[in-house]
Amino acid sequence: MARGSTAMKQGLWAAIALLASVGLARAEFPAPGTVLAEITVDVTGDGTPDTARLVVGTDADAVLVLDTGQRRVTAPKIAWLGGPAPGPSLEATSAGSLQVVTGNDSIGRERWSQTLTLAWRDDDLLLAGFTYGWRDTLDAANTGRCDVNLLTGRGVLTVNGQETAITQPPDRLPVTLWDGQPPRSCGLD
C-alpha cells in the first residue's frame, strides 16, 4: 500500500508541476490589446502616413488594426501568436502594401512561414497575396512553397523542388473577412 501511495504522491506532484508551468506560461502571455508590432506607411496612397498595428486578441491570435486618418480597419485573427518570440511582424513593400509575417521555425519538426500581403484597393484593405512555405526537419524532401497573387488569381506551387503554375478565380477579399484559410489552389487544406 505504501508503494502505491508513493507513486500516487509522485503523480500528484508531477500534475501540480505541470499545472504550475501552464499557469506561468499563461502569465507570461501578453494581455489582450498589447501592441506586438507597429508600422507607419502610406497604405492608402493619399500622401498621408497610415499606422498599422498588430495587437494581441482575446484568443491565441493577433488582430490587425489600420488607422488611415479617415477610418479604422480591423482584421481579427490575422496571425497566429504561436510559440516563442519573436511572433508575428509587420513589413511594408516598396509599393506601399502591408505584409503580415508569421511562422514557426523553432518548435516541432514541421516548420512554416506565412506572409499575407495587404493592399488598399477601391477604398478597402484587401488580401492581395498569400505566401506559405514549409519544411520538415526530419524529411529533407518534404518542402514546399505556395505563392498566389489573389487579385490576379495566378501563382506558383513548389513541392519538393517541382514548380507548378496555379490559377484560381481572382478574388477581392477584404482582409476583415479573411477566415485564415489558405487559398484552395495551394492544396494546403
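Buried means under 20% relative accessible area, exposed means over 50%, and partly exposed covers the values in between. The exercises below concern a predicted model.

**Exercise 1. Decide whether Asn-160 is buried, partly exposed or exposed, and describe where Asn-160 sits in the chain.**

Step one is to take the relative accessible area of Asn-160, which is 42%. Step two is to set this value against the limits of 20% and 50%; because 42% falls in between, Asn-160 is partly exposed. Step three is to place the residue, and Asn-160 belongs to the loop between strand 10 (154-159) and strand 11 (162-167). The backbone adds one further detail, since phi of Asn-160 is near 50°, a positive value in a residue other than glycine.

**Exercise 2. Apply the reasoning to Asp-123, Pro-30 and Thr-117, and say which class each belongs to.**

Asp-123 has a relative accessible area of 54%, and therefore counts as exposed. Asp-123 lies in the loop between strand 7 and strand 8, and its phi is near 60°, again a positive value in a residue other than glycine.

Pro-30, with a relative accessible area of 31%, is partly exposed. Its place is in the loop between helix 1 (2-28) and strand 1, where Pro-30 touches Leu-36 and Val-56 once residues up to four places away in sequence are set aside. The C-alpha atoms of Pro-30 and Leu-81 are separated by 9.9 Å, although these residues stand 51 residues apart along the chain.

Thr-117 has 17% relative accessibility, so this residue counts as buried. Thr-117 is part of strand 7 (residues 110-121), and, not counting residues up to four places away in sequence, its contacts are Ser-97, Leu-98, Gln-99, Leu-126, Leu-127, Ala-128 and Gly-129.

**Exercise 3. Describe the overall make-up of the protein chain.**

Begin with the elements, which are 1 helix and 11 strands. Reading along the sequence, the helix comes ahead of the strands in the pattern α-β-β-β-β-β-β-β-β-β-β-β. Next consider burial, where 37% of the 189 residues in the chain are buried. The accessible surface comes to about 11300 Å², and carbon and sulfur atoms account for 54% of that area. Finally, among contacts between residues at least 6 apart in sequence, 31% join residues at least 24 apart.

**Exercise 4. Find which residues have the most contacts inside the largest nonpolar core, and which strand gives the most to this core.**

The largest nonpolar core has 35 residues, and those with the most contacts inside it are Leu-64, Ile-78, Leu-118 and Leu-125. Several strands give two or more residues to this core, among them strand 1 (35-41), strand 4 (72-80), strand 7 and strand 8 (124-136). Strand 8 gives the most, with 5 residues. To look at one member of the core in detail, take Leu-125, which, leaving aside neighbours within four places in sequence, is in contact with residues including Val-43, Leu-64, Leu-118, Trp-120 and Pro-174.

**Exercise 5. Describe the second largest pocket and its lining.**

The space in the second largest pocket is about 240 Å³. Its lining consists of 15 residues, of which Trp-80, Trp-112, Gln-114, Trp-178 and Gly-180 are the closest to its centre. Strand 4, strand 7 and strand 8 are the elements that give two or more residues to this lining, and strand 4 gives the most, with 4 residues. Sorted by class, the lining has 9 nonpolar, 4 polar and 2 charged residues.

Conventions. Residues numbered from 1 in each chain as written. Predicted model: local features only at pLDDT ≥ 70, side-chain atom pairs only at ≥ 80, totals over all residues. Heavy atoms only, no water. Buried < 20%, exposed > 50% of the residue type's maximum accessible area, 1.4 Å probe, protein only. Contact = heavy atoms within 4.5 Å. Core = buried A, V, L, I, M, F, W, Y, C linked by side-chain atoms within 4.5 Å. Areas by Shrake-Rupley, 256 points an atom, 1.4 Å probe, with all protein chains shown as cover. 1 Å grid on protein atoms, 1.4 Å probe; cavity = no way out; pocket = protein on both sides within 12 Å on 5 of 7 lines; lining within 4 Å. Points joined across faces, edges and corners; volume = space filled by probe spheres on them. Nonpolar A, V, L, I, M, F, W, Y, C, P; charged D, E, K, R; others polar.
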